[in-house]
Amino acid sequence: YQLTSEYADPNGLNPETSFNYEAGFSTDLFQNKLNINTSVFFREIDDVIDFGSRADGSFGYLNQNQQNDEGVETEIGFKPNDNLSISAFYAYVYGRVIKSPGTPGAFNLSRRPVNSSGANVSYNLNKNLSFSLLYKWTDSRRDIYYDTNFNEQNVVLTSYHKFDAYV
């Protein structure tokens, strides 16, 4: 679409190129009563295709910047018996855009929190009835919106706690 739309760059676009890796492990301990999962990832994208203001003042698709993202996710689960399971999780995600070589970059993952965590407790009363309680905390995060004059507005969305119950 970026190559053929009315907003396509008349000079063409370079393809995005990326380097990604992810590594993780999972283990069960104490006769499968305790489970631990962890993974880490890294992604680097060059020639990111974006929509924005071009050098000639027009708006459209263009190659710009480099995007680097990294993170870790971990979950611990405990199942002391067949009816009860307890788990907790944590996630860290960080992304930054590099606008020119040699600069440190700036965080740019809009609406995505750097940190989030939570816990879940589930209990099976019998084979037809169970209940679960879920708690999740989401860290504050940045967002961008455009006002009625098309001026970019940066805001911080506050962190929040969420509780869910299921029967």
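These are my notebook entries on strands, one buried serine, aromatic rings and a pocket in this structure. I am working from a predicted model.

**Entry 1: strands 1 and 2**

I began with strand 1, residues 17-29. Strand 1 and strand 2 run antiparallel, and 13 bridges join them. I looked for a facing pair and noted S18, which stands opposite I45 in strand 2. Then I checked the turn. The hairpin of these two strands has four residues between them. F30 takes a positive phi there, near 55 degrees.

**Entry 2: strands 6, 7 and 10**

Next I followed strand 6, residues 115-126. What joins strand 6 to strand 7? A hairpin does, through two residues. The two strands pair in the antiparallel sense over 10 bridges. Strand 7 covers residues 129-138. For a facing pair here I wrote down V121, opposite L133 in strand 7.

Strand 7 also pairs with strand 10, residues 160-166. Seven bridges join strand 7 to strand 10, again in an antiparallel run. K136 stands opposite K162 in strand 10.

**Entry 3: S116**

I picked one residue of strand 6, S116, for a separate look. Is S116 buried or exposed? S116 counts as buried, because its relative accessibility is 11% and the cut-off for buried is under 20%. I then listed the contacts, leaving out residues up to four places away in sequence. S116 touches F89, Y90 and A91. S116 also touches K136, W137 and T138. K136 is the residue I had already noted opposite K162.

A reminder to myself: in a regular strand, side chains alternate between the two faces of the sheet.

**Entry 4: aromatic rings**

I counted the aromatic pairs and got six. Which residues do ring pairs link into a cluster? I found Y7, F51 and Y61.

**Entry 5: the largest pocket**

Last, I turned to the largest pocket. About 790 Å³ of space lies in it. The lining has 26 residues. Those closest to the pocket centre are D50, V97, N108, S110 and I144.

Which elements give two or more residues to the lining? They are strand 2 (34-53), strand 3 (59-78), strand 5 (106-107), strand 8 (141-146) and strand 9 (152-157). Strand 2 gives the largest share, six residues. This is the strand I had met in Entry 1, joined to strand 1.

I sorted the lining by class as well. Nine residues are nonpolar, eight are polar and nine are charged.

How values were computed
Residues numbered from 1 in each chain as written. Predicted model: local features only at pLDDT ≥ 70, side-chain atom pairs only at ≥ 80, totals over all residues. Heavy atoms only, no water. 1 Å grid on protein atoms, 1.4 Å probe; cavity = no way out; pocket = protein on both sides within 12 Å on 5 of 7 lines; lining within 4 Å. Points joined across faces, edges and corners; volume = space filled by probe spheres on them. Nonpolar A, V, L, I, M, F, W, Y, C, P; charged D, E, K, R; others polar. Buried < 20%, exposed > 50% of the residue type's maximum accessible area, 1.4 Å probe, protein only. Contact = heavy atoms within 4.5 Å. Pairing = 2+ DSSP bridges. Phe/Tyr/Trp six-rings, centres within 6.5 Å; stacked < 30°, edge-to-face > 60°.
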